[in-house]
Structure formats: C-alpha cells, structure tokens
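Visitor: Please take a close look at one part of this model, its aromatic rings. Which rings pair with which, and how are the pairs placed in the fold?

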Amino acid sequence: MSGAGEYQEMAASVPPALKAITLTHVRYHRGDRVGLFLAWVSLIPVFISLGGFISHFMFRRELQGICFALGLLVSQVLNELIKHSVAQSRPVSCELLETCDSHGWPSSHAQYTFFFATYLSLFVLRRSPASRVMAAFSWPLAFLTMLSRVYLGYHTVPQVFAGAVVGLVFGAIWYWFANTILAQYFPMIEESAIGRWFYIKDTSHIQDVLKFEYDNARAARKKVATD
C-alpha cells in the first residue's frame with residue numbers, strides 16, 4: 001500500500017482532533033443567490049467589530065464608543081454562559097454545515113445585532129436627526145441577521161428570537177449602566193495620564209458632533225490661512 005493510501009486509512013480511523021475557527025466561515029447552497037446575500041449579512045457582527053470599533057478607537061478615541069464595544073464583549077460572554085447553561089443543540093441541518101460542536105440557544109449573532117441596534121438607538125435619541133436616521137438602519141440589519149441564521153441552517157426560529165430578546169434587554173441595561181454609572185468617571189479618565197496619552201475624550205455632551213467638528217475644522221483652516 002502506498003504512503004498516501006496508508007495515511008488516508010489512518011485518518012479515516014482516527015476521530016478528528018482539529019477544530020476550525022468559524023469566525024468568517026459561513027456556508028450556503030451553491031447557486032442560491034438569497035443564501036449568498038444572507039451569508040454576507042451573517043457576517044455583520046464581524047464587520048462591526050473589526051471594521052467599526054477598531055477603526056473608531058484608532059481615529060476617534062471616544063469613551064462612549066469604548067463603552068459600547070465593551071458592552072458587546074460582555075454581551076458575548078453572557079451569551080456563552082447562557083448557551084452552556086441551557087445546552088440546547090442546534091438544528092439537524094447544522095450537521096451538514098459541520099458547525100454543530102457548539103450550543104445554539106440563544107443565537108449569538110442575533111444577540112449581537114440587537115444589542116448593537118438597541119444601544120445605538122438609545123444613544124442617538126439626544127443627537128441630531130441625521131444620527132437618528134442612520135441608527136434606524138441598524139434594525140433592518142438586525143432582523144436580516146436573524147433571518148440569515150435560520151435560512152442558512154445554523155439556528156432554529158426560537159434560538160434567534162431568544163438571542164434578539166437577550167440582546168435588546170441587555171443593550172438597554174448596558175446603556176443605562178454606561179450613561180449613569182460609568183459616565184461619572186469619564187472626566188477622570190479624560191484627565192488621567194493614559195487618557196491624555198491616547199487622546200481619549202468624551203463628546204456625549206455635544207448634540208451634533210459632526211457639525212461641531214466640521215465648524216472647528218473650518219475655523220482652524222481659516223485661522224491658518226490668515227496667519
């Protein structure tokens with residue numbers, strides 16, 4: 001028997017000991033355009049985390065954004081605790097996707113997106129109308145994420161609804177906690193050595209941050225031009 005044949009026979013007799021990182025591993029049926037679209041929708045939490053919050057911290061250094069990201073992390077830890085406590089299996093269709101080595105209730109994707117939509121919506125209530133319009137788009141994305149997880153076979157309907165409820169409730173609780181308890185320490189963090197070193201700031205008291213920064217940038221440019 002050839003070396004390749006011996007290796008294949010050995011591999012077939014030994015249970016797989018390797019596990020894939022499924023952060024961006026989403027499967028759909030070949031030729032299913034709806035499935036392809038929903039597969040991309042299912043990656044929204046990854047785009048928010050890697051593209052949104054990392055770039056936000058690099059270029060904005062906002063305490064409110066840091067609290068927002070911290071809340072999402074705590075929400076995901078809560079999701080794992082609930083999953084291991086309930087220990088509800090994923091649907092049978094998940095076996096074909098090779099992702100059934102984790103529990104399914106509640107859906108972490110649904111919890112993530114509904115936490116995001118809830119916190120963002122509460123935060124922009126005191127902001128400009130343009131900000132409120134932008135926040136409104138987070139809700140269709142949250143519902144589409146729910147749909148994608150069921151359509152692609154990763155979760156049952158009760159599992160995604162459970163994730164949505166937990167995300168919505170915990171998002172509201174975390175918003176209250178961040179803006180009543182943690183916000184008391186924002187001035188101290190701004191004036192700390194680390195805050196000054198990293199230019200960490202709080203602009204939650206400014207109603208329209210975009211206009212505020214725009215006006216200040218124009219004023220600074222005019223000042224440079226006249227000097």
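Guide: What follows describes the aromatic pairs, then the group they belong to, and ends with a charged side chain over a ring. The model is predicted, so local features need pLDDT of at least 70 and side-chain atom pairs count only at pLDDT 80 or more, while totals for chains, interfaces and linings use all residues. Residues are numbered from 1 along each chain as its sequence is written, and side-chain values use heavy atoms, with hydrogens and water left out.

A pair of aromatic rings is described by the distance of the centres and the angle of the planes. Rings of Phe, Tyr and Trp (for Trp, the six-membered ring) pair if their centres lie within 6.5 Å; planes under 30 degrees apart count as stacked, over 60 as edge-to-face and the rest as tilted. A search of the whole structure on this basis finds 10 aromatic pairs.

One of them joins Phe68 and Phe115: the centres are 6.4 Å apart, the planes make an angle of 40 degrees, and the pair is tilted. Phe68 belongs to helix α4 (residues 63-86) and Phe115 to helix α5 (residues 108-123), so this pair ties together parts that are 47 residues apart in sequence. Helices here are DSSP runs of H or I with at least four residues, strands are runs of E with at least two, and both are numbered from the N terminus.

Both partners are buried: Phe68 has a relative accessible area of 9%, and Phe115 has 0%. Buried means under 20% relative accessible area, exposed over 50%, and partly exposed in between, with a 1.4 Å probe and protein chains only.

Phe115 also pairs with Phe170, again in a tilted arrangement, with 5.8 Å centre to centre and 40 degrees between the planes. Phe170 lies in helix α8 (residues 157-180) and Phe115 in α5, so the pair ties together parts that are 55 residues apart in sequence. Phe170 is buried, as is Phe115.

Phe115 thus has a place in both pairs, with Phe68 and with Phe170. These three residues are part of one aromatic cluster, which also holds Phe116, Tyr119, Trp174, Tyr175 and Phe177.

A ring can also face a charge. Arg149 lies over the face of Tyr154, at 4.4 Å from the ring centre. The criterion is that NZ of Lys or CZ of Arg is within 6 Å of the ring centre and within 35 degrees of the ring normal.
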